[in-house]
Structures are given as C-alpha cells and as structure tokens.
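User: Could you take a close look at the surroundings of the ligand in this model, and set them in the context of the strands, loops and annotations around them?

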Amino acid sequence: MTHALGRRTFLQGLGAAGALTLAGPVRSAASERGGRGGRKVVVLGAGLAGLGAAYTLTKRGYDVTVLEARDRPGGRVHTVRDAFRRGGHAELGAVRIFDTHEHTLRYVEEFGLELTPYETGTRAFHLRGRRFLAPPADEPWPFPGLHSHEQPDPAALFPQYVLSGMLKLGDTSDPGWPGSVPSALELDRTTIDDYLSAQGASKAWRDWFYAQNGRVARVNAAAGLAVESLPAGDRVTSISGGNDRLPYAIAAALGRRVKYRSEVVRIAQDPRGVTIGYKDRAGLHQLRADRCVCALPFAPLRRVHLDAGFSPEKLAAIRKLPYMAAARCYFQTRRRFWQNDPLGPLGGLNLVATDTMAGRVWNTSSQQSDPTSGMLHAYMFDTEALEFASQGERRVLAMRKLFRSLVPGIDAQIIGVAHKAWQEDPWAGGGWGSPPAGDLHWMRPAMRRPERRVHFAGEHTAQQWVAWMNGALESAERVVDEILTADAQPVGRERG
Ligand SMILES: Cc1cc2nc3c(=O)[nH]c(=O)nc-3n(C[C@H](O)[C@H](O)[C@H](O)COP(=O)(O)OP(=O)(O)OC[C@H]3O[C@@H](n4cnc5c(N)ncnc54)[C@H](O)[C@@H]3O)c2cc1C
C-alpha cells in the first residue's frame, strides 16, 4: 500500500507503550537494578514481536527463554543471499521501512544498523494487456472501462472513492476501535472492493487502484483503510545489507536464551504459572514459567494444543483469523536494463503496476551493494499469490514468461532467482492476519487481550500497524507493559 494520505500524527497512537526505552546491549537479569530477577517468562516465536518482547523483558530483569520452530530468527523478515551473484540479496518478507515506523527505527538505531533509501522514479503500467506510462494531463488513460468522469485523471477520484472511507474510520488508536465508532462498524461489514463499488468506482478504476496498491479487493474495508490511512512519511528505506540484520542482532543479544528448532505444541496454565510443551530433535519437553508471551501467528497456533484457561472469544479468533496469501518472485539481472526501456527510463521501487498475476513489479536494485546488477520482483497478494503458487514447480517459468511483457528484455538478463509463497509456510500460514468482512469488531480486541498468564504479541495484535514490522515491535512493547503492570499488582488482584 502507498499510505499516501495519512491523516493523523503517528505519535497519537503510541500512548504508554512509548515509555519503555531501549538502552544498550542486553544484560543478565541479575545485573538489572530494580529488575524482576527469578521471574520466568517463556516467549513463543522468534519473529520481531517475540524477539522484541524477550529483549525488553530481559533488560527489565526477567529470566527469558524463547522457543522458535525454525532454525533462524526473524520469521516473516527473511533475507536470501545464496541465490544471487555479486553479493545480491532479496527480502522474501518485509521490505519497506517508513520514517513513521517509530518502533522499527528505534530498534534499528539501538543495534547500530544503517538504512538505505529507495530511489524514486517513473512507473510504467501494464493494464488490460497493454504497457504504457501515465499519460500527460488532459490526455485519456489508454485502457478501457473507466467511467467518463474518471478520465483523464483517475487519481482525482481518490478523495471521493477512498478518502471518504478513511474519514469514517474515527480514532483507530482507540483500543475499542472499530466497535467504538459506528461509521467504522459500517465499514467493518464490507470489503474494500464492495466499498469502492458502492462509491461508484468502475471495475477499471478499481483495477488501476489495486495495480498500484496491491490486490486488497477482498480485505475488510475498515482494516484495509485504517492501515492505508497511516502516514508514510517522506522516505522509504530498508536496512542496509538486508532487513534480517535486525532480528539477527536482537537474537545475538539474547544469546542462548533463544532455542531454535523447538516447536511449541501445548500451552497450559494454572493459577501459579504456565506450562509449555515443545518438541526438538531430542524429543518432547515441558517448560514451566510464571508467564508466557505468545508471539505465534494464529495460523500455526491453531495446531498448538491449548488447555483450559482461554476465553471463548480468544479461541474463536485463533480458529477463524484468515491469513492473506502473499508471495514474492525475484529475478536478479546482469544490468539495470529498464533504464533504457522503450517507454523511457523507468525507476523507483514500484516499477510496473499491473493487473496480471505478477501484481506489482518492484525494483530493489538501489539496495544492492553492486551498482550495476539489477533486482526486480513480482510482489503478489491474495488471488495473484494463489495463482502463482497453483503453478507448482512451473511457477518460476510462468513468471519469467509474464515478465517478458512487463519488462521487455529481461530474458537475456537473468542471473539469479528466488521466490516464496507465504501461504505455503507452515510457521506463518500467509503474509499477515486479515480479518474477514464483518468480524473485525470482535476479532481485534479478542486477538490482543491477555488470557491470565498468557500475553499475545505479533503483527496481528498491533493497535495500528498490523501487517508491518512496526506493528510486531509495537505489540512487543505492549505485552511488556502488560506483564510489568500485572506483576506490579498484589497477588490475587489479577484480571482473569
Ligand atoms: C510478503 C510480505 C511482505 C511484507 N512487507 C513488509 C514491509 O514492507 N514492511 C514491513 O514493515 N513489514 C512487512 N511485512 C510484515 C512483517 O514481515 C511482519 O508484520 C512481521 O515480521 C511479523 O512479525 P511477528 O513476530 O508478528 O511474526 P513472525 O515474523 O511470523 O514470527 C513468528 C515466529 O513464530 C514461529 N513459530 C510459528 N509457529 C511456531 C511453533 N509452533 N513453535 C515455535 N515457533 C513457532 C515462526 O517460525 C516465526 O519465527 C511483510 C510480510 C510479508 C509476509
């Protein structure tokens, strides 16, 4: 999404979570003044949410263990390098960091990482089988189906079609949102596509919109517009050398507290603590702790046995939260040949906006250490990602064939390939949690609420930046806050 029309300041939503500051490399629990030495917390999942919570809790004096099913930290932050030549790298998961991603940027700074900005430049379109640039003002867009009032400037309809919905959202930083805002509840009942249609947007306009912003047609309108309305700031960056440098840095600070290849299979709790069952190569184990931070996406959490002690709302949310199909397919190229495109020099991150299976052609070449080779990829959502994956082993061939018409000349240029469809990943189940139309108002609070000694983190539980690294890290700070508050209460006063 472009996040072009932010309408409130980002800080508004942060509230008390911003009070937890990061300060220096992680130290042992015993050395922390005023810490909670001896109190054990088990954190499930070493994605950014789990790592962020574990890191801050350790600094606050807790004795933390992180259980992670994969053999690496980072979860949906996953950089690949070995598929490429000339030191190339590609992000299979999270790519972009905005200036407004306060939590992500704070961790980037804490760990001394650097950011590389994306180039801006000219975008091409590929719609209804035709490739073209945005026409000059007053000339019609060269694809059929736009209503006459949508010509010659489809962008002029943005306020009527999209902003009108954003203005109905109310305060998305309110913990009771969208239930607290009647007009947002109305949006909750519909999808983005149905909302845009109801505003009068033609099918062609909607496809023009999705070509640039991702195939969000079936997304809950309240949820989708809420994320779209957040401010993007002035600059888009990624972490220099690869976004996975952040989770690796946090994991390194946590050291042996992180246990890899450890699949959580059971969560149980009683009035005095939690018991976590997990499997590793040596067999089944149990870990006892005072509290648990569950930072697993709900898709894999559905396979975990949950003993009594969870509310019906939480169990229903875990069972029902759908995950959006999302995929990327990268081609490393010998040269940045699109700078000599017949349409003129193309550039920027979102290089070609299409209505094809490829979704958007993104260009992450400016992030590469080698200044000559290129890195293009198809970034696919929902039906596009499903279509890509449905081709099985022929998916790369199919994409390569499609790219011939999206970025002519690519065939002779390809020197490396990498791809991933997140809906096929058993530890993610998809790109991000995406509540269906009609369900956001109850799912949103249910996903986040603590269940006695089990606290829930992860992008899906974020107050605002759901489906972003920033949301995962925001949720980490919230659970730390929950735990500190609960542990500060006299025994027996805890909310059950
Ligand atoms: C294609 C794609 C594009 C994206 N683009 C961006 C972007 O441009 N910018 C941005 O900021 N964000 C982006 N995101 C979102 C961002 O990657 C996520 O919001 C964030 O990384 C989620 O972190 P998390 O900790 O909530 O979950 P995860 O990273 O999924 O971490 C959960 C962890 O739990 C582990 N796990 C699961 N089940 C078990 C189990 N039973 N036992 C033990 N461990 C288990 C998983 O292996 C994983 O490591 C993108 C995501 C995708 C998929």
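Analyst: What follows begins with the reliability of the model, then turns to the ligand shell, the sheets and some backbone details.

This is a predicted model, in which local features need a pLDDT of at least 70 and side-chain atom pairs count only at pLDDT 80 or more, while totals for chains, interfaces and linings use all residues. Residues are numbered from 1 along each chain as its sequence is written. The chain averages a pLDDT (the predictor's confidence in each residue, from 0 to 100) of 92, and 91% of the residues score at least 70. Over residues 1-25, however, the pLDDT is below 50, although this stretch has 44 contacts beyond near neighbours in sequence, a contact being two residues whose C-beta atoms, placed from the backbone, lie within 7 Å. Residues 28-35 also have a pLDDT below 50, with 13 such contacts in the model. Where pLDDT is low, the predicted coordinates should not be read in detail. The model scores ipTM 1.00 and pTM 0.93.

Around the ligand there are 40 residues, of which G45, G47, G75, A94 and E459 come nearest; a residue is near a molecule if its C-beta atom, placed from the backbone, lies within 6 Å of it. By class, the shell has 24 nonpolar, nine polar and seven charged residues, where Ala, Val, Leu, Ile, Met, Phe, Trp, Tyr, Cys and Pro count as nonpolar, Asp, Glu, Lys and Arg as charged, and the others, Gly among them, as polar. The elements that give two or more residues to this shell are α1 (48-59), β11 (263-270), β16 (326-333) and α14 (469-488), with helices (H or I, at least four residues) and strands (E, at least two) taken as DSSP runs numbered from the N terminus. The largest share, four residues, comes from α14.

A94 sits in the loop between β4 (90-91) and β5 (97-98), and the unreviewed UniProt entry includes A94 in its "binding site", together with E68, A69, G93, V95, R96 and V264. These positions are spread over 197 residues of sequence and also in space, up to 29.9 Å between C-alpha atoms. UniProt annotations may be inferred rather than shown by experiment; their positions are given in the numbering used here, and feature names are shortened.

Two of the contributing strands belong to sheets. β16 is part of an open sheet of seven strands with mixed pairing, in the order β8-β7-β17-β18-β19-β16-β20, where two strands pair if DSSP finds at least two bridges between them. The edge strands of this sheet are β8 (130-133) and β20 (414-421), each pairing on one side only. β11 belongs to an open sheet of four strands, ordered β13-β12-β11-β15, again with mixed pairing. Here β13 (283-289) and β15 (305-306) stand at the edges with a single partner strand each, so one side of each is left without a neighbour in the sheet. β11 pairs with β12 (residues 273-280) in the antiparallel sense over seven bridges, and A268 stands opposite T275 in β12.

Finally, some backbone details deserve attention. Most residues other than glycine have a negative phi, and most peptide bonds are trans. In this model, a cis peptide bond joins Q151 and P152, with omega about -5°, and P152 is found in the loop between β8 and α3 (158-166). D138, whose phi is positive and near 80°, also has its place in the loop between β8 and α3. A cis peptide bond likewise joins W177 and P178, with omega about 5°, and P178 lies in the loop between α3 and α4 (182-188).
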